[in-house]
Amino acid sequence: MPAAVAGPEIERLIQLLARLPGLGPRSARRAALHLIKKRELLMAPLASALQTAMDKIVICKTCGNIDTQDPCTVCIDTRRDESIIVVVADVADLWALERAHAVNGRYHVLGGTLSPLDGVGPQDLSIDALVSRAHGPEVKELILALNATVDGQTTAHYITELLHEANVKVTRLAHGVPVGGELDYLDEGTLSAAIKQRTLF
Ligand code: ZN
């Protein structure tokens with residue numbers, strides 16, 4: 001721990017910034033200094049935006065998304081295809097899919113993936129709510145957009161089992177060669193999944 005070079009208020013700011021993902025202690029210092037130098041232009045609006053967001057943030061009771069209204073912006077958007085529910089582990093995944101304009105459906109955020117080793121069971125995730133949504137008459141397809149990890153795939157299998165009697169098509173993301181990817185650089189698991197899931201040219 002280096003000696004403090006500023007008063008406790010500034011040190012506290014640095015310590016809090018250092019807890020943000022992607023920021024270590026050094027970049028936290030740089031960020032704090034930048035904020036301090038741009039007090040009027042950046043620090044004041046940021047402080048106010050943080051406070052406003054803090055006061056208004058809610059979790060959507062329908063899909064689990066984070067927003068400032070419940071139902072969330074995605075759930076009330078009537079231009080979306082209500083026959084498709086995209087199942088994701090985390091809000092970050094929802095935001096990533098939205099950035100990619102990948103699908104124009106609704107979402108369901110599970111709040112994690114099943115992980116027996118970490119003691120995460122079905123009751124810890126929003127699985128019951130998903131099953132009841134999947135039985136809605138308007139729902140035709142559930143896209144399991146879960147990580148290609150053991151936990152992600154365990155969760156996908158579990159949900160598929162639960163829904164095998166529901167009148168809904170359950171699909172999952174393709175596993176394969178990334179766009180712009182070179183075969184030589186891929187790991188064996190990705191290559192073998194890509195071969196198994198080859199499609200007609
Ligand atoms: Zn929602």
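Here is a walk through this structure, from its overall layout to a few single residues.

A word on the ground rules before we start. This is a predicted model, in which local features need pLDDT of at least 70 and side-chain atom pairs count only at pLDDT 80 or more, while totals for chains, interfaces and linings use all residues. Residues are numbered from 1 along each chain as its sequence is written, and side-chain values use heavy atoms, with hydrogens and water left out.

Let's begin with the big picture. The protein chain is assigned domain 1 (8-56) and domain 2 (66-200), with bounds that come from an automatic or database domain assignment. Between the C-alpha centres of domain 1 and domain 2 there are 34 Å.

Now to the pocket. The largest pocket holds about 240 Å³ of space. Its lining is made up of L13, L16, L17, L20, L35, M43, L46, A47 and L50. Helix 3 (39-56) and helix 1 (8-17) each bring at least two residues to this lining, and helix 3 gives the most, with four residues. A pocket here is found on a 1 Å grid over the protein atoms alone: it is an open set of points where a 1.4 Å probe fits, with protein on both sides within 12 Å along at least five of seven lines, and lining residues have an atom within 4 Å of a point. Grid points are joined across faces, edges and corners, and the volume is the space filled by probe spheres set on the points. Helices (H or I, at least four residues) and strands (E, at least two) are DSSP runs, numbered from the N terminus.

Stay with helix 1 for a moment, since E11 lies there too. E11 counts as buried because its relative accessibility is 10%; the cut-offs are under 20% relative accessible area for buried, over 50% for exposed, and partly exposed in between, using a 1.4 Å probe and protein chains only. Setting aside residues up to four places away in sequence, E11 touches A4, V5, A6 and R29, where contact means heavy atoms within 4.5 Å.

Next comes the metal. What holds the zinc ion? Its protein donors are C60, C63, C72 and C75, each through SG, lying 2.3 Å from the ion. Donors are N, O and S atoms within 2.8 Å of the metal (3.2 Å for Na, K and Ca), and water is not among the atoms, so sites may look incomplete. Along the chain, the zinc donors follow the spacing C-x2-C-x8-C-x2-C. The angles among the four donor atoms run from 104 to 116°, and the site is tetrahedral; four donors earn that word if all angles lie between 85 and 135 degrees. For comparison, the ideal angle for four tetrahedral donors is 109.5 degrees. Both C63 and C72 are buried.

Just before C72 in the numbering, you meet an unusual link: D70 and P71 are joined by a cis peptide bond, with omega about 0°. P71 sits in the loop between strand 2 (66-67) and helix 4. Helix 4 (residues 73-76) includes I76, which counts as partly exposed because its relative accessibility is 47%. Leaving out neighbours within four places in sequence, I76 is in contact with Q69 and P71. From I76 to G64 is twelve residues in sequence and 13 Å in space, C-alpha to C-alpha.

Further along, A92 has its place in helix 5 (residues 91-99). A92 counts as partly exposed because its relative accessibility is 44%. The C-alpha atoms of A92 and V109 are 9.6 Å apart, with their positions 17 residues apart along the chain. In the loop between helix 5 and strand 4 (106-109) you will find H101. H101 has a positive phi of about 50°, although it is not a glycine. Most residues other than glycine have a negative phi. H101 is exposed, with a relative accessible area of 73%.

Our last stop is helix 7 (residues 150-162), where Q153 lies. Is Q153 buried or exposed? Q153 counts as buried because its relative accessibility is 17%. Not counting residues up to four places away in sequence, Q153 touches L146, N147, A148, R172 and H175. The loop between helix 7 and strand 6 (169-172) contains H164, and H164 is exposed, with a relative accessible area of 59%.

Key. Four donors count as tetrahedral if all angles lie between 85 and 135 degrees; four count as square planar and six as octahedral if opposite donors are over 155 degrees apart and all others between 65 and 115; anything else is irregular.
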